[in-house]
Amino acid sequence: MRGLRACVALITVALLLGACGNSARPESADQPPAVSRNADPTSTSRPAARHPPKPISVIPKLYAVRTEARAVALTFDDGPDPRNTPQILDLLARYQVHATFFVLGSAAKHYPGIVRRSAAGGNEIGNHGWTHLHMTNLNEEQLSDQITRDANLITRLTSQRPTSFRPPYGDVNQTVVEVANALGETVVLWTYDTHDWTSPPSRVIAQRLFRKLHPGAVILLHNGGGRRGHTVRMILEGLIARKRLSFATLALEGVDLSGQGRHEVI
Ligand SMILES: [Zn+2]
């Protein structure tokens, strides 16, 4: 099953349930800043409509996954990067951890070998659009072009059609969700933004992250800029250290991004 396959690949590092709390909601301060709340079909703060509201299909956006596994998902945006992505892949392989790479088509076309290697290593390749644009500024045709061009390239490189779309900046509204969904992709946002792109010391990034981790969290990291390899190593080694305190490395097998079944979208 394609959805399940994608979810199995949205993998992960495990953590201790009791030590990390049971919060299933994203931290409000960590929510993507550009999400259009008015476009959220679940919002209750909308003004009363004069006319009967246009039916809106409720399509879940993924901020985190509800899972019984003690695991979080590592996601890397804006790649592939010729310097950092291979280092990240080396580290993931060394620690036997998988992640999801949301690649830009405009970068992937220059570094197709890195995308192939990412997928061959058991990582999921997600769609980040062809160029790094604010998707809510685009019309449906432009949106579709951004998603489709990237998806076509990813498919050509990996023989696997992406099933996840992360809009740049987390900039999403109902139109973005519907267009992505019509193209077979679920919008995946994040639970916790490491803000690694602001270049704090790797140690600070890792320590902040460890304080926030909870099962099912989707962690946002980036390929480009800064010493990504160093940051990822600190994160993975920190998690490995916790393994000695009953942490374990597991895959989020069985997580279903569609929200059906035992593991649901939060
Ligand atoms: Zn991005």
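This passage looks at how one pair of helices packs and at the nonpolar core around them.

The model is a predicted one. Its chain contains 9 helices and 8 strands. Of the 266 residues in the chain, 45% are buried. Contacts that link distant parts of the sequence are common here: among contacts with a separation of 6 or more, 82% join residues 24 or more positions apart.

Now for the helix pair. Two packed helices are described by the angle between their axes and the distance between the axes. Helix α6 covers residues 140-158 and helix α7 covers residues 174-182; their axes lie 10 Å apart and meet at an angle of about 50°. That angle is why α6 is called oblique to α7, since it falls in none of the ranges for roughly parallel (under 35 degrees), roughly perpendicular (65 to 115) or roughly antiparallel (over 145). The crossing of α6 past α7 is right-handed. On the α6 side, the residues that take part are E140, L143, S144 and I147, and they meet T175, V176, V179 and A180 of α7. Sorted by type, the residues of this contact come out as 5 nonpolar, 2 polar and 1 charged.

What else does α7 touch? Its buried residues are V176, V177, V179 and A180, and these pack against β5 (164-165) and β6 as well as α6. Just past the helix comes G184, a residue with a positive phi, near 85°.

Strand β6 is made up of residues 186-187, and T186 belongs to it. Is T186 buried or exposed? T186 has 24 C-beta neighbours inside 10 Å, so it counts as buried, the cut-off being 20 or more. T186 also sits 6.2 Å from T163, C-alpha to C-alpha, even though 23 residues separate the two in sequence.

Finally, the core. In soluble globular proteins, nonpolar side chains tend to be buried together. In this model the largest nonpolar core has 53 residues, and the ones touching the most other members are V103, A108, I154, V176, V187 and I219. Helix α6 supplies the largest share of this core, 6 residues. Which residues does I154 contact, leaving aside its neighbours within four places in sequence? The list runs V103, A108, V115, I125, N127 and P162. V103 and A108 thus turn up twice, as contacts of I154 and among the residues that touch the most other core members.

Methods: Residues are numbered from 1 along each chain as its sequence is written. This is a predicted model: local features need pLDDT of at least 70, side-chain atom pairs count only at pLDDT 80 or more; totals for chains, interfaces and linings use all residues. Axes are lines fitted to C-alpha atoms, for helices over the stretch in contact, and angles run from 0 to 180 degrees between N-to-C directions. Helices (H or I, at least four residues) and strands (E, at least two) are DSSP runs, numbered from the N terminus. A crossing is left-handed if the near helix is turned anticlockwise from the far one by less than a right angle, and right-handed if clockwise. Two residues are in contact if their C-beta atoms, placed from the backbone, lie within 7 Å. Ala, Val, Leu, Ile, Met, Phe, Trp, Tyr, Cys and Pro count as nonpolar, Asp, Glu, Lys and Arg as charged, and the others, Gly among them, as polar. A nonpolar core is a set of buried Ala, Val, Leu, Ile, Met, Phe, Trp, Tyr and Cys residues joined through C-beta atoms within 7 Å. A residue is buried if 20 or more other C-beta atoms lie within 10 Å of its own, exposed if 12 or fewer, and partly exposed in between; C-beta atoms are placed from the backbone.
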